[in-house]
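Please read these points with the structure open beside you. They move from single buried residues to helices and salt bridges.

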Amino acid sequence: MSAISPTPLSRRALLRAGLLAGSGLLAACSLDRVGTELPPVTLPPVEVVQPPPLPTATPEPPASQPTAASAGVGAPRSPAATIQFETWGPRVLLNAFREIDREFRRAFPWVTVQARLDNAQTSDRLRTRLRNGEGPDVTRIEPEDVFDFTAAGFLHGLGARVDGDPELREAAPGAPAARTGGGGELSTLSIGATHQCVLYNAQHLESVGVTAPLSWSSAWTVAEFEEAAQRLVIAGNRRVERFGLTAIPAYARPVLAGGGDGWLDAEQRASTLATPPRRQRLHRLTGWQTGLAIELPIAYRFVAPFSGGLASMHIDHTDVGRWVRASVPWAVAPLPAWEGRESVTEAHELCVTVPARSPQPDAAWAFARFLLDAPAQRALARTNLLTPTRLETLDDPAFLDPNQPPFNRAPLIQAAAHALRSPAHPGAKAWHVLTGDPIAVVRQGDREAGAYLAGADALITRQLRLRDWSAASDRPGYRQPLPYGNRLLADLAQRGL
């Protein structure tokens, strides 16, 4: 990829983590959002938004090269095309995309990809560019932005292409369905994901006789997990030498998921986070450090305490494994389950999409689709940052590297089936922000658990009302209705006045 520049890892959340880390141990990309400020709402369009579906091309016969056969479906040979691709992440991801580009050029010599790794990219910046008709032909998109960007008409609809691609639907059935619009519209492809798990020091657990579970269907209960963490604490002379646990603040999301069956009321007009079960679960976690003295709380994504042996277990997305010292014999286990419920994890997908204003939709789809073909998925698996979306790659040596920890990846392979599905409604972005760091807010004494969740409900419900959302909404093709002034102008124009 000739246009890729090796930009240093520098997203805002990583800058904060870097200042804390000192030792240079950085997470791959931030999954947490701090504070309770409501994110920007997608502004109402000034005209009726009907984003064009990705044009359905006439398929050509499969290419002779095996690796290109599935990617070539629906992507005809055209005059030479140049497309722009933007993403973000660490250097190892950049190297993977360089490898992918070499394979892609063999399969699609008529397409030139000019790719850019931009770790300063933000949702707001991308939103502004797409609204103005600017931006790349293929771009990475934050999972929590999919609803807003789809509703605003910023993205091509991929439904027809996916429906006409049986190989994709069989080999990677979760790729188009991981994140959808309000009515189930397909506008993104998930090419891989990270999942929250318990990273643990196997030597520490063995020394105290603790056995970690390997199956999400038989995970440890919260009580068992607390007992194990207490046994792992080493204290003396009024100080703790080793804690049982560290955890990222975003662990609150699967905690809140275990507290009820839905995020909204029956009519989908109001947020319902502040239920008694959720209040109890959030309150219980805030007591791990203050009451049970098992947890060393960390800010943002900070793996150094676990990597340095100061903690025996660490709850995080497993892409931080690259920053654990090679001498630490670490493994992964499922998250604890809440009072008889099945253990759930949070998936953070690496989603790619084709913006609606792309002047090269065929070439853009060819590249986006190729990211789910076998050679691309193997390249992404070798980064040790993602669990690949293509099912066969889960059994590939590129993913099951016997020399790369964690050595037992059974919990990672099972995690996708136990991942909570983030909500798809106008308050989804607010939900993501507000559930990112409630543990720290409550623990610091700023707000009581029930008050925090009630405040979150108020902000999310405001978003729903702004968009006039309900269960009866015309969610397939859901769009922000035109403001009255714009409707009046449109009527006048139609009447020739």
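1. Is Asn119 buried or exposed? Asn119 is buried, at a relative accessible area of 1%. This is a predicted model, so please take every value below as computed from it. Asn119 sits in the loop that runs between strand S2 (111–117) and helix H3 (123–131). Its side chain has a partner: the backbone nitrogen of Gly89, reached at 2.8 Å.

2. Next door in sequence, look at Asp118. The side chain of Asp118 forms a salt bridge with that of Arg125, at 2.9 Å from N to O. The two ends of this pair differ in exposure. Asp118 counts as buried because its relative accessibility is 6%, under the 20% limit. Arg125, at 33%, counts as partly exposed. The pair also belongs to a network of salt bridges that links Glu86, Arg116, Asp118, Arg125 and Arg129.

3. How many salt bridges does the structure hold? There are 22. One of them joins the side chains of Asp165 and Arg369, with N and O 2.6 Å apart. This pair ties together distant parts of the chain, 204 residues apart: Asp165 is in the loop between H5 and H6, and Arg369 is in helix H12 (residues 361–370). The C-alpha atoms of Asp165 and Arg369 are 9.9 Å apart. Both ends are out of reach of the probe for the most part: Asp165 is buried at 1% relative accessibility, and Arg369 is buried at 0%.

4. Asp165 has a second role for its side chain. The loop that holds Asp165 lies between helix H5 (159–163) and helix H6 (166–171). A polar atom of the Asp165 side chain lies 3.1 Å from the backbone nitrogen of Leu168.

5. Set against that buried pair, take Arg239 and Glu241. Their side chains meet in a salt bridge at 3.2 Å, N to O. Arg239 counts as exposed, with 52% relative accessibility. Glu241 counts as partly exposed, at 42%.

6. Now a buried acid without a salt bridge. Asp457 lies in helix H17. What is the nearest side chain of opposite charge to Asp457, and how far away is it? It is Arg278, at 7.0 Å; Asp457 is buried yet has no salt bridge. A salt bridge needs the nitrogen and oxygen within 4 Å. Asp457 does have a polar neighbour: the backbone nitrogen of Leu273 lies 2.7 Å from a polar atom of its side chain. Beyond its own stretch of sequence, Asp457 touches Ser271, Thr272, Leu273 and Ala274.

7. Helix H17 itself deserves a check. It covers residues 449–466, and its 18 residues should span 26 Å at 1.5 Å a residue; the end C-alpha atoms are 26 Å apart, which agrees. Glu448 caps the N-terminal end, with a side-chain oxygen 2.9 Å from the backbone nitrogen of Gly450. Just after the helix, Asp468 takes a positive phi of about 55 degrees. Buried residues of H17 include Ala449, Tyr452, Leu453, Ile460 and Leu464. Their cover includes helix H9 (252–257), H10, helix H15 (428–434) and helix H16 (438–443).

8. Helix H8 (residues 222–232) shows a one-sided pattern. Val222, Phe225, Glu226, Ala228, Ala229 and Leu232 are buried. Why do they count as being on the same side of H8? They cover an arc of only 160 degrees around the axis, which puts them there. An α-helix has 3.6 residues a turn, so residues three or four places apart point the same way. Among the elements that cover this buried set are strand S4 (188–201), helix H7 (202–207), helix H10 (276–290) and strand S8 (313–317).

9. Last, Thr246, in strand S7 (residues 246–247). Thr246 is buried, with a relative accessible area of 0%. The side chains of Thr246 and His314 are joined by a polar contact of 2.7 Å. Further along the sequence, Thr246 also touches residues including Glu295, Leu296, Pro305, Phe306 and Met313. Leu199 is 47 residues from Thr246 in sequence, and their C-alpha atoms are 9.7 Å apart in space.

Note on methods:
Residues are numbered from 1 along each chain as its sequence is written. This is a predicted model: local features need pLDDT of at least 70, side-chain atom pairs count only at pLDDT 80 or more; totals for chains, interfaces and linings use all residues. Side-chain values use heavy atoms; hydrogens and water are left out. Buried means under 20% relative accessible area, exposed over 50%, partly exposed in between (1.4 Å probe, protein chains only). Helices (H or I, at least four residues) and strands (E, at least two) are DSSP runs, numbered from the N terminus. The arc is that of the directions from the helix axis to the C-beta atoms. Contact means heavy atoms within 4.5 Å. A polar contact is a pair of N or O atoms within 3.5 Å; within protein, one must be able to donate a hydrogen and the other to accept it, and residues adjacent in sequence count only if both atoms are side-chain atoms. The expected span of a helix is 1.5 Å times one less than its number of residues. Lys and Arg count as positive and Asp and Glu as negative; His and the chain ends are not counted.
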